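Trainee: Could you take me through the salt bridges of this structure in detail? I would like to follow the charged pairs one by one.

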Amino acid sequence: MGEPVARNKKAFHDYEILEKLEAGIVLQGSEVKAIRQGRVNLKDSFVKIIKGEAFLLNAHISHLSTANLNYAPNERAPRKLLLHLKQLRKWDMKVAKDGLTIVPLSIYFNSKNLAKVEIALARGKNEHDKRESLKEKDAQREAKTAMKNHAYKE
């Protein structure tokens with residue numbers, strides 16, 4: 001996996017990640033360049049399986065100012081994800097049966113310079129779990145700073 005161009009931090013806060021998977025993404029025109037420049041937002045996006053195909057919905061890829069003005073794709077258009085049929089059916093069954101959600105975690109370029117989306121099968125957290133994870137994160141941050149300060153004193 002390459003260095004992520006964009007991350008969906010909200011997904012880690014709102015969902016419990018169960019299983020991860022890499023998927024290709026179908027892009028149009030200048031969208032690849034826009035992703036390379038980091039002009040992508042995954043904050044409220046999700047993946048939905050429609051008629052046996054996976055689509056990334058509500059992901060925002062900005063229009064490039066250097067691209068042709070006559071060709072301006074819809075910034076929030078549904079984008080098809082490329083997955084193996086077996087994996088797609090397996091996740092579709094889990095979503096239908098267990099009430100899980102598929103969320104994008106990050107967009108990156110792999111070693112072959114192709115845009116990839118890391119998606120995850122996730123279960124929604126309730127408010128109590130979100131507060132608990134925030135407390136854990138704060139405790140880890142405090143422990144880290146205490147260790148850092150202790151190292152400087154010696």
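Mentor: Here is a walk through the salt bridges, with a look at the main pocket at the end. Please keep in mind that this is a predicted model.

The structure holds 7 salt bridges. As background, side chains of opposite charge can pair when their charged atoms come close.

Let's begin with Arg79 and Glu31, whose side chains form a salt bridge with an N to O distance of 2.9 Å. This pair ties together distant parts of the chain: Arg79 belongs to strand β7 (residues 79-82) and Glu31 to helix α2 (residues 31-36), with their positions 48 residues apart in the numbering. Where do the two partners sit, buried or exposed? Arg79 has a relative accessible area of 3%, so it counts as buried, the cut-off being under 20%. Glu31 is buried too, at 6%.

A second pair that links distant parts of the chain is Glu16 with Arg123. Their side chains meet in a salt bridge at 3.9 Å, N to O; because the definition asks for a distance within 4 Å, the pair counts. Glu16 lies in strand β2 (residues 15-25) and Arg123 in strand β9 (residues 115-124), and the two are 107 residues apart. Glu16 is partly exposed, with a relative accessibility of 39%, and Arg123 is likewise partly exposed, at 39%.

Next comes a pair within one helix. The side chains of Asp138 and Arg141 form a salt bridge at 3.0 Å, N to O. Both belong to helix α4 (residues 127-153), and because they are 3 residues apart there, about one helical turn separates them. Asp138 is partly exposed, its relative accessible area being 36%, and Arg141 is partly exposed as well, at 48%.

Salt bridges can also be joined up here: Glu19, Lys90 and Lys94 are linked in a network of them.

Helix α4 brings us to the pocket. The largest pocket encloses about 220 Å³ of space, and α4 gives the most to its lining, with 5 residues. Helix α1 (9-14) and α4 each supply at least two lining residues. The full lining consists of Lys9, Phe12, His13, Ser133, Leu134, Glu136, Lys137 and Gln140. Sorted by class, that lining has 2 nonpolar, 3 polar and 3 charged residues.

To pull the pairs together: Arg79 and Glu31 join a strand to a helix, Glu16 and Arg123 join two strands, and Asp138 and Arg141 pair within helix α4.

Notes: Residues numbered from 1 in each chain as written. Predicted model: local features only at pLDDT ≥ 70, side-chain atom pairs only at ≥ 80, totals over all residues. Heavy atoms only, no water. Helix = DSSP H or I, 4+ residues; strand = E, 2+ residues; numbered from the N terminus. Buried < 20%, exposed > 50% of the residue type's maximum accessible area, 1.4 Å probe, protein only. 1 Å grid on protein atoms, 1.4 Å probe; cavity = no way out; pocket = protein on both sides within 12 Å on 5 of 7 lines; lining within 4 Å. Points joined across faces, edges and corners; volume = space filled by probe spheres on them. Nonpolar A, V, L, I, M, F, W, Y, C, P; charged D, E, K, R; others polar.
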